[in-house]
Amino acid sequence: MNLEHLNALKKLLSSPKKIAIIPHKNPDGDAIGSTLALWHYLSNNGHSATIVAPNDFPKFLKWMPGAQQILNFERENSQSKTVINEADIVFTLDFNHLGRVGQMSEILESAQATFVMVDHHQEPSDYASIMYSDVSMSSTCEMVYVLINQLDDENSITPDMANCIYTGIMTDTGSFKFAATTSNTHRVVADLMDKGAEGTEIHHRIYDTNSPSRLHLLGCALKNMVILNEYATAYITLSQDELDKYNYQKGDTEGFVNYGLTLDGIKFAVIFIENKEEGIFKISFRSVGDFSVNDFARKHFNGGGHTNAAGGRSEDNIADTIAKFTALLPLYKNQLQS
Ligand code: 5GP
Ligand code: MN
């Protein structure tokens, strides 16, 4: 965070405040880890802080210290609204435009609080008067660690906070392997271990959580995979019927999209997952190298994210969605083949 914004934040936090902390919709490990770490930090420093998530989050994140305190805007609607309306400060973590919170955007837009953004996605919008936006960061969790250091409070990182921050760095970096993992990321992780993060236990709790039905759903997804070598592309579709057949639970499709990239020569992997209730296909895009899925998602599928990992959506049926997608590939043939 630059000095001007840091000083403004220090001043804001110099007396006890009412604070709402908001992750994006369908929060992942980084969103839940960063909001929880910040929640512990602020609560331990005399503030009255509450996390309000736009909707529920996967079971494999529910063990995280403090997770049971998180309000679900869909389920605890009036309580959530009160927290946001009465907040002096709203922290938004792991997203950078208000469209990422779904139904909650309206209430955030009318909130009177001072907004603070902490985020590592591209092309931030300007709703926050205090901004910490850094696209070179591995994760929002790494940024929360840096921010606490900038506030000269590194010694206040408890084992619970260390576990939360470690989790988000681990999940957003694909266990420390994606390109955004820097030597500094490893230094942060090393310090978190010194401060009590239990790496092995966290890996176990996040990744050794398969149910038989999730593995069968993975089998279905891999069978559905279409490989287009000409465009170095592999895509997967999962219909609502298939999700139902394998008793889909929130979080079950996490990581499926990455299998496409394990094929030799494939640089662009996509998964289209039907959500009948919302009448959409949720899309995840992944790439290796220079091909920007952030640009692709932003331009064609109402989404965005990072250069190598982005999301988006389609309101068309599956046939039209796939037709639109495959018709776009020739336009990117040179980039995909380079
Ligand atoms: P995922 O495919 O795992 O849902 O998301 C990949 C990355 O893209 C994450 O960093 C996520 O925050 C971001 N992302 C996912 N969906 C959207 C979207 O609809 N809009 C934007 N701007 N970013 C998204
Ligand atoms: Mn993130």
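Biologist: How many cavities of 30 Å³ or more are there in this model?

Modeller: The general idea first: rolling a probe the size of a water molecule over the atoms shows where empty space is left. In this structure, which is a predicted model, the count comes to two cavities of 30 Å³ or more. The largest cavity holds about 40 Å³ of space, and the second largest also comes out at about 40 Å³.

Biologist: Which residues line the largest cavity?

Modeller: Its lining is made of Lys 25, Pro 54, Glu 74, Val 101, Gly 102, Gln 103 and Met 104. Sort those by class and you get three nonpolar, two polar and two charged residues.

Biologist: And what classes of residue make up the lining of the second largest cavity?

Modeller: That lining has nine nonpolar residues, with no polar and no charged ones. You'll find Leu 9, Leu 13, Leu 38, Tyr 41, Leu 42, Phe 91, Leu 147, Ile 148 and Leu 151 around the space. Helices α2 (29-44) and α5 (140-150) each give at least two residues to this lining. The largest share, three residues, comes from α2.

Biologist: Let's go to the metal. Which protein donors does the manganese ion (ligand 2) have?

Modeller: For a metal site, start by listing the donor atoms, then see where they sit in the chain. Here the manganese ion (ligand 2) has Asp 30 (OD), Asp 94 (OD), His 120 (NE2) and Asp 172 (OD) as protein donors, at 2.2 to 2.4 Å. Along the sequence, their spacing reads D-x63-D-x25-H-x51-D. Take Asp 30 and His 120: Asp 30 is in helix α2, whereas His 120 is in the loop between β5 (114-119) and β6 (130-133), so this pair links distant parts of the chain, 90 residues apart.

Biologist: Are Asp 30 and His 120 buried or exposed?

Modeller: The cut-off for buried is under 20% relative accessible area. Asp 30 has 0% relative accessibility, so Asp 30 counts as buried. His 120 is at 2%, so His 120 counts as buried too.

Biologist: Now the aromatics. How many aromatic pairs does the count come to?

Modeller: The count comes to 16 aromatic pairs. To read one, look at the distance between ring centres and the angle between the planes; over 60 degrees counts as edge-to-face. Phe 268 and Phe 296 have ring centres 5.2 Å apart and planes at 75 degrees, so they make an edge-to-face pair. Phe 268 is in strand β9 (residues 268-275) and Phe 296 is in helix α11 (residues 293-300), so their pairing ties together parts 28 residues apart in sequence.

Biologist: How buried or exposed are Phe 268 and Phe 296?

Modeller: Phe 268 counts as buried because its relative accessibility is 0%. Phe 296, at 1%, counts as buried as well. Phe 296 also forms an edge-to-face pair with Phe 325, at 6.0 Å centre to centre and 85 degrees between the planes. That pair links helix α11 with helix α12 (residues 318-328), across 29 residues. Phe 325 is buried, just as Phe 296 is.

Biologist: Which residues do ring pairs link into a cluster?

Modeller: The cluster takes in Tyr 235, Phe 268, Phe 272, Phe 285, Phe 291, Phe 296, Phe 301, Phe 325 and Tyr 332.

Biologist: Which ring does the charged end of Lys 324 sit over?

Modeller: For this feature, look for a charged group above a ring face. The charged end of Lys 324 sits over the ring of Phe 301, 4.5 Å from the centre. Elsewhere, Lys 62 lies over the face of Phe 57, 4.7 Å from that ring's centre.

Definitions and conventions
Residues numbered from 1 in each chain as written. Chains lettered and ligands numbered in written order. Predicted model: local features only at pLDDT ≥ 70, side-chain atom pairs only at ≥ 80, totals over all residues. Heavy atoms only, no water. Phe/Tyr/Trp six-rings, centres within 6.5 Å; stacked < 30°, edge-to-face > 60°. Helix = DSSP H or I, 4+ residues; strand = E, 2+ residues; numbered from the N terminus. Buried < 20%, exposed > 50% of the residue type's maximum accessible area, 1.4 Å probe, protein only. Lys NZ or Arg CZ within 6 Å of the ring centre and 35° of its normal. 1 Å grid on protein atoms, 1.4 Å probe; cavity = no way out; pocket = protein on both sides within 12 Å on 5 of 7 lines; lining within 4 Å. Points joined across faces, edges and corners; volume = space filled by probe spheres on them. Nonpolar A, V, L, I, M, F, W, Y, C, P; charged D, E, K, R; others polar. Donors = N, O, S within 2.8 Å, 3.2 Å for Na, K, Ca; no water.
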